[in-house]
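Trainee: Could you take me through one part of this model slowly, beginning with a single residue and working outwards from there? I would like to see how its surroundings fit into the rest of the structure.

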Amino acid sequence: MKIRFWGVRGSIPAPGPDTNRYGGNTSCVSVTTATGHLIILDMGTGLMHLGNHLLASEFGKGRGAATILLSHAHWDHIQGLGFFAPVFIPGNKFELRGHGRSSSMLEGILEGQMNPNFSPLYTLKNLGAAFDVHAIVPGEPFTAGGVRVTAQPNPHGTTTALAFRLDEGAASFVYASDVGYGPDGPTPAVRALYRGADALLHDTTYTPADQARRQSRGFSSYEQAADAAIAAGARRLIAFHYDQDYTDADVDALTAACRAYLDAHGGRAIELIPAAEGLELAL
Amino acid sequence: MKVRFWGVRGSIPVPGPSTNRYGGNTSCVEVRPRGAWPIIIDAGTGIRRLGKALMDERFGDGSGTAHILISHTHWDHIQGMPFFSPLYRAGNKLHVFARQRGDTHLQAVFASQTEDPYFPVPLSALEASIEFHELVEGNRFAIDKTLVTCTRLNHPWIAMAYRLDCDGAAVVYCSDTAPFSDILLEHEFISKPPTGEPLPKAIADKLAAMRASLVALCKGADLLIYDTQFTIDEYKLRPHWGHSTPEDAIAIAREAGVKTLCLYHHAPMRSDEAQDAILMAARWSAKSHGDGFNVIAAHEGLELVLGDDDGLAPVVAP
């Protein structure tokens, strides 16, 4: 699996010189499987830049196919869809799997985004590409491009967000963005999902102090992310979904503090990787 | 009055090094009449930082009042609203103005922006009081000592241009609009550029009347802020997207006799260098036509002082 980060910011895009290094685009991560299949995790504004990049490939000729995994439908996870160039090219095919009580409800949520009050696209039907939308049943695995995908919900403020585990041969990648655990931490099902991951991407929106002040928003501190990585025996922890007000220097400080916390709590062996736009990893 | 730009980008916010100078936030302009509360035009992502700045004033203790004029409710003009800090402080008063819809009340449009599952805090849970005011073309009304007038634009689902007269100066905000020549954009979805056939007379007349109303709105303005998202070549490919070129803006500025034309609503993929080149070309074009007005391009943080404001008066509201 090859992983690339296109958007690593939480809540709302944060342009400006002080976010240049980590990036100000909202959540979007691409995974290219060993068979060459593309899996896209979340559709924040980073998706626009992934789309422009894909125009040089089969997607530019209307012969592309990809799987999109949607953790939840908050704006910062869907706002890139209307700006994703491959969706305007007939022939491209997208299988979208996400959080929703039914497939039609999930499709309705995406339709709502395109409503003419809000968007000049009016409806998903005006996108040239084919969309096949499926609501995910937690715990029921499916395959995408030879990768086994399993999802489990985490609490996230007033809603839940799906965490995804992607297994390909011996390699495993977990994507757990937008996580606000209860007092007991992750559920047993989520602990099992994280267990032994080669890379655990985890919500690190906040410092512990900011997290304590904003508990109701349903995000994690770097300490909660580190605890999850240590408990899971993960090889790598990827910090992700930085608060919109955090500058590059703030994220540097958050990462350093997270490193120290890992070292002090039995996580010395865990490699800490702060997600940044343009960063690529091979698992 | 002071005019300050908090977001100048069209369509979608674009963070990154290539937009550092002009800025990557979507549409938001603050107009501050001398000694009065702010009048905010559009609520793109730029309004987030404006909200933070306002919290250092009376909005921080819940005794602020702001008026927000919305050109239209496309995402790039409202997506910052849920991140506008004064909304989360009890006692603040917000008045939101936008064009009346045939089918949906303005309040319902804004309520659906933040309903489950799109956003965790619904409109009904906000601490500040918000009042929605629906407008129709030609409305004239006062906000404190500022006179506001408006006219419709040529954009899918229809946008409004606003003129604000105060402190002996006038500013016009004209975003988003296509020129008034090739296509009439209203409520139908138009998927392709028009074929280039001459327009039926009724449509051509309607566009001409719309343009005349806009020129009248802009008459003698000190500052005209205008959607210039496209180059001429880009417009040819996408006239149905509802955006103009600098040449269109220059023609309106000339006919209306404005003092300064400000290019605005920059294309998302336009780098700072490309935007510099567009500004230079627009200046050269106006100059070569003998136009006397200035041409500038909006960037985040740009602040202009207009009319009988010495620039030194406190901007803190009464």
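**A close look around B:Arg101**

Mentor: Happy to. In this predicted model, B:Arg101 is buried, because its relative accessible area is 10%, and buried here means under 20%. The residue sits in the loop that runs between strand 5 (93–99) and helix 2 of chain B. Setting aside neighbours within four places in sequence, B:Arg101 is in contact with B:His72, B:Thr73, B:Glu134, B:Trp157, B:Ile158 and B:His187, and also with A:Asn117 from the other chain. One of these partners, B:Ile158, is 57 residues away along the chain, yet the two C-alpha atoms are separated by 9.5 Å.

The contact with A:Asn117 is a good reason to look at the interface as a whole. Chain B contributes 38 residues to it and chain A 36 residues. Together the chains bury about 3300 Å², with carbon and sulfur atoms giving 61% of that area. On the chain B side, B:Pro15, B:Trp75 and B:Tyr118 supply 23% of the area buried against chain A, more than any other three residues.

Next to one of those three in sequence is a backbone feature to inspect. The peptide bond joining B:Asp116 and B:Pro117 is cis, with omega about 5°. B:Pro117 belongs to the loop between helix 2 (106–113) and strand 6 (129–135) of chain B. Chain B has another cis peptide bond to look at, joining B:Ser175 and B:Asp176, again with omega about 5°. B:Asp176 is in the loop that connects strand 10 (169–174) and helix 3 of chain B.

B:Ser175 leads us to strand 9, since it is among the residues that B:Met160 touches. B:Met160 lies in strand 9 of chain B and counts as buried, at 0% relative accessibility. Not counting residues up to four places away in sequence, the contacts of B:Met160 also include B:Ser71, B:Arg99, B:Leu135, B:Val136 and B:Glu137, together with B:Cys150, B:Thr151, B:Arg152 and B:Leu153. For a sense of distance, B:Met160 and B:Thr228 are 68 residues apart in sequence and 16 Å apart in space, C-alpha to C-alpha.

Further along strand 9 (residues 160–166) of chain B you will find B:Arg163. B:Arg163 counts as buried too, at 13% relative accessibility. Beyond its neighbours within four places in sequence, B:Arg163 contacts B:Leu147, B:Val148 and B:Thr149, then B:Ala170, B:Val171 and B:Val172, and finally B:Ala216, B:Leu217, B:Cys218, B:Lys219 and B:Ala221. The C-alpha atoms of B:Arg163 and B:Thr245 are separated by 21 Å, with their positions 82 residues apart along the chain.

B:Cys218, one of the contacts of B:Arg163, also takes part in a helix pairing. Helix 3 (residues 201–218) and helix 5 (residues 246–256) of chain B pack at an angle of about 60°, and their axes are 8 Å apart. Helix 3 of chain B is therefore oblique to helix 5 of chain B, and their crossing is right-handed. Helix 3 of chain B brings B:Arg211, B:Leu214, B:Val215 and B:Cys218 to the contact, while helix 5 of chain B brings B:Ala251, B:Ile252, B:Glu255 and B:Ala256. By class, the residues of this contact are six nonpolar, no polar and two charged.

Chain A offers a helix pair to set beside it. Helix 6 (residues 222–232) and helix 7 (residues 248–264) of chain A pack at an angle of about 40°, with axes 10 Å apart. Helix 6 of chain A is therefore oblique to helix 7 of chain A, and this crossing is right-handed. Its contact is made by A:Tyr222, A:Glu223, A:Ala226, A:Asp227 and A:Ile230 of helix 6 of chain A with A:Leu254, A:Ala257, A:Cys258, A:Tyr261 and A:Leu262 of helix 7 of chain A. Those residues divide into eight nonpolar, no polar and two charged.

Finally, do look at two loop residues with positive phi. B:His265, which is not a glycine, has a phi of about 65°; B:His265 is found between strand 12 (260–264) and helix 6 (272–288) of chain B and is buried at 0% relative accessibility. In chain A, phi of A:Asp42 is near 70°. A:Asp42 lies in the loop between strand 3 (38–41) and helix 1 (46–54) of chain A, and is buried with a relative accessible area of 0%.

How values were computed. Residues numbered from 1 in each chain as written. Chains lettered and ligands numbered in written order. Predicted model: local features only at pLDDT ≥ 70, side-chain atom pairs only at ≥ 80, totals over all residues. Heavy atoms only, no water. Axes fitted to C-alpha atoms, helices over the stretch in contact; angles between N-to-C directions. Helix = DSSP H or I, 4+ residues; strand = E, 2+ residues; numbered from the N terminus. Parallel < 35°, antiparallel > 145°, perpendicular 65-115°, else oblique. Left-handed = near helix turned anticlockwise from the far one by under 90°. Contact = heavy atoms within 4.5 Å. Nonpolar A, V, L, I, M, F, W, Y, C, P; charged D, E, K, R; others polar. Buried < 20%, exposed > 50% of the residue type's maximum accessible area, 1.4 Å probe, protein only. Buried area = accessible area lost by both parts, 1.4 Å probe.
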